[in-house]
Amino acid sequence: ATVYVPFFKQYYFQLLQDVLAVLTDTFHKSGFKLQQHILLQLIQAAESGMLTDAAPKQRVMEYLFEMISKSFPLLNKTQVEIFILNCFNKARQPEFQQHIRDFLIQLREWGSHENSLYEDERQAALSDQSAADAQLRMQVPGLVP
């Protein structure tokens, strides 16, 4: 089981960066389904805790935030935060694919500088993430007093 750890330590973040670059590049539309599936697998691996040694979830989220913020300066911080939180919250096939499509459409529009416009979505995404984390902790006996 530890065979994959050195591989992911070496390549996880590069794979993440490359897949996102291809997904957001308008010249690669034909590969959308495969690229979003690879991204889904990378996020599910971090979400499940399989890669805590190579790519812990929090570090993956921070990396995505930094990378997307730099790549798309028109997006405000709240939009990026909502996207990343929902990547993890919707890490199931049909929901994830729709989420990625919505994000790509959002990239084509002008980014808004009004964080308050997205505050409800941000709070909902944070709440979903907290609920998922609490549910995970409840599954481990003795973790929650």
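User: How many salt bridges does this predicted model have?

Analyst: The count comes to 3 salt bridges.

User: What makes E47 and K57 a salt bridge?

Analyst: Their closest N and O atoms are 3.1 Å apart. The cut-off is 4 Å between a Lys or Arg side-chain nitrogen and an Asp or Glu carboxyl oxygen, so the pair qualifies. E47 sits in helix 2 (residues 32-48) and K57 in helix 3 (residues 57-71), with the two positions 10 residues apart in numbering, and the pair links distant parts of the chain.

User: Why is K57 called buried?

Analyst: K57 has 17% relative accessibility. Buried means under 20%, so K57 gets that label.

User: And why does E47 count as partly exposed?

Analyst: E47 comes in at 25%. That falls between the 20% and 50% limits, so partly exposed it is.

User: What makes D133 and K57 a salt bridge?

Analyst: Here the N to O distance is 3.4 Å, which is within 4 Å, so the rule is met. E47, K57 and D133 are linked in a network of salt bridges.

User: How do you know that K70 and E66 pair up in a salt bridge?

Analyst: Their side chains meet at 3.3 Å, N to O, and the limit is 4 Å, so they pass. Both lie in helix 3, 4 residues apart, about one turn of the helix.

User: Why is K70 called exposed, while E66 is called partly exposed?

Analyst: K70 has 63% relative accessibility, and E66 has 47%. Exposed means over 50%, so K70 clears that bar and E66 stays in the in-between class.

How values were computed:
Residues numbered from 1 in each chain as written. Predicted model: local features only at pLDDT ≥ 70, side-chain atom pairs only at ≥ 80, totals over all residues. Heavy atoms only, no water. Buried < 20%, exposed > 50% of the residue type's maximum accessible area, 1.4 Å probe, protein only.
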